[in-house]
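Work through the exercises below with the structure open. Try each task before reading its solution.

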Amino acid sequence: MAVRPQPRAAVTRLAAFAGLMFALALGLDALADAGLRRITTSKFGSLNRVMSGAVNAAVVVNGSSRALVHYDPRVITRATGLSAYNLGMNGVLTDVQLPMLQAYLRHNTGTKLVIQNLDAFSLKATKPGEIYDPPLYMPYLDDPDLYHGLSAIDPAVWKWRHIPLYGYTVEDTRFTWARGLLAFAGVQPPEDYVDGFNPRRLSWTGDFEAFRASLSTGLSYPTDAKAMAALEQIVDVSQAAGAKVVLVYSPEYAEAQSLVVNRREIFAAFEALARRRGVELWDYSDSPLGMQRNLFYNSQHLNADGAALFSEQLAQRLALPGITR
Amino acid sequence: MLFNSLEFALFFPVVCGLYFLSPASWRTPLLLLASCVFYMAFIPAYVLILAVTILIDYVAGIYIERVTGRPKRALLWVSIVATCMVLFVFKYFAFFTGMFVGFAGLLGWQLSEPALGLILPIGLSFHTFQSLSYVVEVYRGRQAAERDFITYATYVMFFPQLVAGPIERPQNLLWQFHRFHDFDYARVTSGLRRMAWGFFKKLVVADRLAIFVNDVYGSPQNHNGLQLTIATVFFAYQIYCDFSGYSDIAIGTARVLGFRLMENFDRPYHAASVSEFWRRWHISLSTWFRDYLYVPLGGSRVGPGRRWLNILVTFGISGLWHGANWTYVVWGLLNGLYLCLGWVFGPMVDRAFRVAGLSEDSAVRRGVLVTTTFVLTCLAWVLFRAESLDDAWFIYGHLATDWDMRALGTESFGTGQFVPAVGAILALELLEHANLRYRWARRVPSLPTVVRWPIYAAAIFVVVMFGVYRSSQFIYFQF
């Protein structure tokens with residue numbers, strides 16, 4: 001029969017086991033971080049290049065998923081002769097785009113132009129607990145711009161940084177940690193990014209029809225002061241880094257525009273900002289591209305064909321004297 | 001406070017530490033204080049509701065024991081009505097007034113629905129039933145009235161089982177508060193193992209399946225028959241793992257502190273009939289309804305017609321206990337109907353198996369019966385999970401149509417998520433089967449430390465790394 005330990009010894013044992021678990025969690029967390037930092041492909045590879053200071057592009061596109069799938073840096077480079085990179089990320093609102101741009105500018109040099117993509121939801125602030133895809137940021141929480149920027153949105157971000165594995169487990173359901181471990185073993189995810197650009201070869205999904213049918217009184221996007229301040233700061237930090245700024249509202253499916261009941265108010269805010277900061281605002285929402293459903297895969301996002309056409313139009317305008325020359 | 005929260009991960013070790021370091025006389029008050037903290041983490045003011053029901057039933061218990069005859073019966077009813085009134089106001093007021101207003105509308109009277117705007121206190125149905133079982137048992141003379149208010153309050157509020165059971169009987173739990181529970185390493189680690197198993201069920205199985213189920217049942221019209229079918233099977237496992245996982249954590253938590261709670265589940269999806277299912281599912285509630293409703297109604301000692309009625313009443317009320325919605329009532333009635341039909345067709349089914357040469361020990365016979373019971377249970381779960389009877393009707397009509405293998409995933413649950421989801425279900429079945437056959441859970445503690453600790457570590461990391469932590473609340477909290 002097994003000898004039962006005395007209470008003091010038993011508590012010591014339990015504490016030793018808990019300590020061992022904590023140490024293992026720390027190790028696994030560090031391994032996942034290190035693995036994710038080694039990824040050279042996909043969204044992780046793109047972010048890794050940004051955070052390791054390997055981009056140093058002259059033209060930088062910043063914004064949400066619309067920026068990510070709309071702006072082809074290769075086309076911009078071809079037209080302007082300047083290196084370009086796309087910082088767009090899925091699911092990020094303006095207040096998350098700001099720390100990403102700050103981190104980019106901290107780690108990279110030579111930025112001459114920042115193209116800030118605008119969306120109908122650009123003036124919406126991220127709520128605590130709603131930062132999209134948190135594991136993407138886990139390996140970089142030591143970056144002060146990123147950490148403070150994210151903490152300002154969600155005060156619980158300290159848990160991501162200081163509680164081992166918290167960010168990879170509580171904040172993620174897609175096993176990003178496993179991707180990190182695989183990368184540590186040399187397995188890279190498939191490459192679907194080109195200079196930060198993620199073209200989507202998709203056709204119209206039909207989600208828009210269901211979405212439109214679900215709306216009885218139209219759609220009103222919030223206009224939060226915090227988001228507006230973040231947009232102002234994006235202009236400020238870009239100009240402080242010596243870069244020009246162009247605000248670009250990239251094409252949007254025309255039928256979707258009529259659903260947004262406060263569209264005029266949102267655009268008035270964009271125009272006021274452009275006037276205040278002395279930057280240009282290029283509105284492509286009335287572009288003929290927006291009338292062609294075959295160039296979109298949903299109401300907000302151009303597919304690869306649409307992105308190629310839009311990037312070409314934008315690049316030609318960028319190449320005109322006064323912007324990049 | 002949720003078991004699967006960071007707060008509980010801090011709260012529980014602190015409570016355990018204080019509990020085992022405290023002298024005997026401090027321990028029950030400490031547990032009461034801890035239970036108050038635990039409960040007040042939801043809506044602090046609602047602890048007053050609990051205090052009122054505790055006070056009513058505490059006083060009622062003492063007086064019921066003192067008097068005899070009609071006053072005794074009257075006191076019992078005063079206590080039952082007062083306790084149930086709280087439940088009615090918070091849980092059923094809107095449901096019944098809505099029904100009344102609807103009925104009045106049919107008669108041409110236009111009434112407006114009064115709205116109390118109350119939020120249902122968490123676990124109200126559970127501690128109400130636990131309180132009721134106490135006064136009934138005192139009335140029946142099978143339990144001495146508890147004189148110590150702190151002890152009685154702790155019995156009702158004991159934090160491990162306060163919000164989702166098991167619904168304890170006073171004979172099983174109350175006396176344990178008068179015992180001194182020493183720190184016992186074997187018991188503590190056994191409790192921790194049971195908690196880990198509960199967390200596996202909840203976080204690794206239930207909460208991952210919930211992502212798919214929520215998407216599909218949130219808008220059944222936007223999903224195809226295959227998705228509806230998978231979501232229904234997933235929900236069967238989700239609710240089992242969610243609720244039995246909670247029970248495991250509750251039993252384990254109590255065991256660490258030295259208390260023994262009743263078992264609440266016994267592999268229900270391995271039942272070979274619906275009646276067996278109900279002997280294995282939510283045992284503390286099933287036996288509660290059996291002892292305090294079905295048997296007093298006459299149970300099975302009456303004619304077939306009355307017996308049917310007793311079953312349907314019991315299951316109908318059981319459905320209503322789960323929620324103030326017709327979907328729950330119909331779910332309960334459907335289960336009652338299953339049982340009644342089982343009595344009618346059971347002998348015929350037995351004869352058919354005998355004719356086919358399948359004895360009672362036959363694995364094929366059991367397999368057929370277990371599968372049939374599982375399918376019937378899943379069909380009933382549609383009502384339980386659907387947001388309305390219309391949705392349930394839509395799902396029934398589309399389960400077998402438009403199976404599109406290329407459109408399996410949903411907005412939040414990509415096709416790749418099926419691997420961990422189905423893997424978790426298989427792991428659950430495999431581990432439960434292996435434990436039944438080889439009793440591995442009992443063998444692990446006797447292994448040498450160098451083998452045992454890596455097993456524990458691996459188990460913990462499976463829960464930590466494969467768990468889902470975002471859809472946090474337990475399903476049964478809402479009841």
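The exercises cover one helix, two annotated spans and the nonpolar cores of this predicted model.

**Exercise 1.** Check whether the length of helix 14 of chain A (residues 304–319) agrees or disagrees with 1.5 Å a residue.

*Solution.* Start with the count: helix 14 of chain A has 16 residues. The expected span is 1.5 Å times one less than that number, so it should be 22 Å. The end C-alpha atoms are 22 Å apart, which agrees.

**Exercise 2.** Find the residue that caps the N-terminal end of helix 14 of chain A, then find what covers the helix's buried residues.

*Solution.* The cap is A:N303. One of its side-chain oxygens lies 3.2 Å from the backbone nitrogen of A:D305. Next, list buried residues: among them are A:A307, A:F310, A:L314 and A:L318. An α-helix has 3.6 residues a turn, so residues three or four places apart point the same way. The cover includes helix 3 (65–70), helix 4 (73–80) and strand 4 (244–249) of chain A.

**Exercise 3.** Give the helix content of residues 7–26 and 330–346 of chain B.

*Solution.* An unreviewed UniProt entry lists both spans under "transmembrane region". Residues 7–26 of chain B are 90% helix, with end C-alpha atoms 24 Å apart. Residues 330–346 of chain B are 100% helix, with ends 23 Å apart.

**Exercise 4.** Describe the largest nonpolar core, then a second one.

*Solution.* The largest core has 193 residues; B:F234 is among those with the most contacts inside it. Helix 9 (residues 225–257) of chain B gives the largest share, 19 residues. B:F234 touches residues including B:L209, B:F212 and B:F413. A second, separate core of 30 residues includes A:V246 and A:L314.

Conventions. Residues numbered from 1 in each chain as written. Chains lettered and ligands numbered in written order. Predicted model: local features only at pLDDT ≥ 70, side-chain atom pairs only at ≥ 80, totals over all residues. Heavy atoms only, no water. Helix = DSSP H or I, 4+ residues; strand = E, 2+ residues; numbered from the N terminus. Buried < 20%, exposed > 50% of the residue type's maximum accessible area, 1.4 Å probe, protein only. Contact = heavy atoms within 4.5 Å. Polar contact = N/O pair within 3.5 Å; in protein donor to acceptor, adjacent residues only side chain to side chain. UniProt positions renumbered as here; feature names shortened; annotations may be inferred. Core = buried A, V, L, I, M, F, W, Y, C linked by side-chain atoms within 4.5 Å.
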